[in-house]
Amino acid sequence: MNQYVFEPVKPVVETKYGRLRGVTYGDVNIFMGIPYAHAERFGMPAEPEPWEGIRNAYTYGPVSPQTLPPNPPSYYRGLHMLRKEGEDCQNLNIWAPRILNGEKKPVFVWIHGGGYFAGNALEEYSFDGFNLAHYGDVVFVSINHRLNILGFLDLSEYGPRFANSVNAGIVDIVMALKWIHENIAAFGGDPENVTLCGHSGGGGKVECMYQLEEAAPCFQRGIVLSGAMKEEFDPSPDDSRQMARAIVNELGLTEETIDEIRNVPFSELLAAYKRALPGLREKGVNTTWSPVANAYFPGFPGTVGFMPGSAGKPLIIGSMLGEFEEMTVHLDEDEKAAMTEEDKAAFLLKRFGKHTDRLTALFRESYPSHDILDLAYTDTMVRVPAVKAALRHAENGKNNTYNFLAAYCTPEGGRIPVWHGGEVCYMLMNEDKVFVLNEAVTGQKLAKIFSTMVLNYAKYGDPNNKYLPEWKPLTEEHRYTMVIDRECACLEDHDRELMELLDPVNTSPDFNFD
């Protein structure tokens, strides 16, 4: 009998704020669009208002308004979903195993990427939590929260009521974690066994939770997927205030009339931001939307270290060999197929100039099974800060820091190294929703590696599993990385010299090693 069938009897759960009615599909109860907080624009979130009767949780809730139009990838790279936008976007979704047997299930919390300006909890079909709940026997939760202008506009100069508006988006996430801590047991989840996992900006948000004392009681471990970034990407407090000042000026507001900003349509806020951008950038202001260090948020752990409340919690931090390969190499599949070894050498020489020979030799040593052209795709923007953040975490001396690098080449573009976010569908057991990654043999192998890694870590705090060689934790003395490729290996410092030489070249082709 097919267990993937819709059940006509709908589950009802009692939460702190009232009763929720979801749906059951197969052996998974699903609840969508649950409010975990509410907030006045640019204000700090408060607990949701209780309700009478039963609230239906059948529909995905509003997502934070976006600053850019949707830009989905090729069909075979993953199906994307458009969602209703709205400022009342503090909501979450739950997929929970229906059969509990009296036990509390581990809780896996998914935090979406898109930097701090874009994305949503179900932006891609591969973010769906059904399979991890069904096959993995965990309670899966995904979160929406305020982004971009609404989540990170620094109005602190305009009065104490805006003192932490620059971090409103991450305070939303803290409120979501508190809601989970207080209510997830009603869905069969264990509030004392919560794993946070985020990709890209979502990985950065996981790092933020490690820094906040009020978040510490609400989770036990974290996974940062391509979420560590370099310090130069972080706006300074001065940058964030200058950007806010410019937007306020474009709106024609002053300190005396600033409260009117709460009623300005989002489209006008966005237009003011876009008008202000050229002048800000001309002055060298970092206009990235991001949390900013202040009295509430001490800063990212790669820069300031991990805060005491969470420093001892286990952490997996990973990156991809290719990451943002489409920004660095512009070769289609036919062009690559026609290249001789001499053509590849010439391509690398044009890219790396006088550093080519040294980089080529180091790449061959670090990745002997790879085509030499993969050097051109090799990322340092995420890999370097990921190792740095991992080393800062390893200062806790608890041997609970795990670093990985996904290096396999996908059946696309003449076999290119896997891109930013390519591992997510495997982790969430949704590889069938990203067609190009679901190869008959290797795709299934990677799905088992990544999903078992995540499930073992969520259940037991250790990502080791039968599909990998022994995964040794990274320590201050031994910089181990699990290289996940067509053949996997746990290597020590395998690419350290390559990264040290390649990073400044990627940043500035005129860098002089000598």
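Select lysine 205 in this predicted model and look at its surroundings: its relative accessibility is 0%, so lysine 205 counts as buried, the cut-off for that word being under 20% relative accessible area. Colour residues 201-211 as well, and you will see helix α4, the element in which lysine 205 is found.

Next, show what lies around that side chain. Leaving aside the neighbours within four places in sequence, lysine 205 is in contact with Ile111, His112, Gly113, Gly115, Tyr116, His145, Leu147 and Ile173. One of these deserves a distance label, since the side chain of lysine 205 reaches the backbone oxygen of glycine 115 at 3.5 Å. Then add lysine 388, which is 183 residues away from lysine 205 in sequence, while their C-alpha atoms are 17 Å apart in space.

Now turn to the sheet, an open one of 12 strands with mixed pairing, and follow its order, β1-β4-β5-β7-β9-β8-β10-β11-β12-β13-β16-β17. At the edges you will find β1 (6-7) and β17 (489-492), each of which pairs on one side only. Select residues 480-484 to bring up β16, which pairs with β17 in the antiparallel sense over four bridges; within this part of the tour, valine 483 can be picked out opposite alanine 489 in β17.

Finally, select the helices that pack on the sheet. Helix α11 (residues 383-394) touches β12 (315-320), β13 (401-406) and β16, and its direction makes about 165° with that of β13. Helix α13 (residues 442-460) packs on the sheet too, touching β8 (105-111), β10 (189-199), β11 (221-225), β12, β13 and β16, with its direction at about 150° to that of β11.

Methods:
Residues are numbered from 1 along each chain as its sequence is written. This is a predicted model: local features need pLDDT of at least 70, side-chain atom pairs count only at pLDDT 80 or more; totals for chains, interfaces and linings use all residues. Side-chain values use heavy atoms; hydrogens and water are left out. Helices (H or I, at least four residues) and strands (E, at least two) are DSSP runs, numbered from the N terminus. Buried means under 20% relative accessible area, exposed over 50%, partly exposed in between (1.4 Å probe, protein chains only). Contact means heavy atoms within 4.5 Å. A polar contact is a pair of N or O atoms within 3.5 Å; within protein, one must be able to donate a hydrogen and the other to accept it, and residues adjacent in sequence count only if both atoms are side-chain atoms. Two strands pair if DSSP finds at least two bridges between them. Axes are lines fitted to C-alpha atoms, for helices over the stretch in contact, and angles run from 0 to 180 degrees between N-to-C directions.
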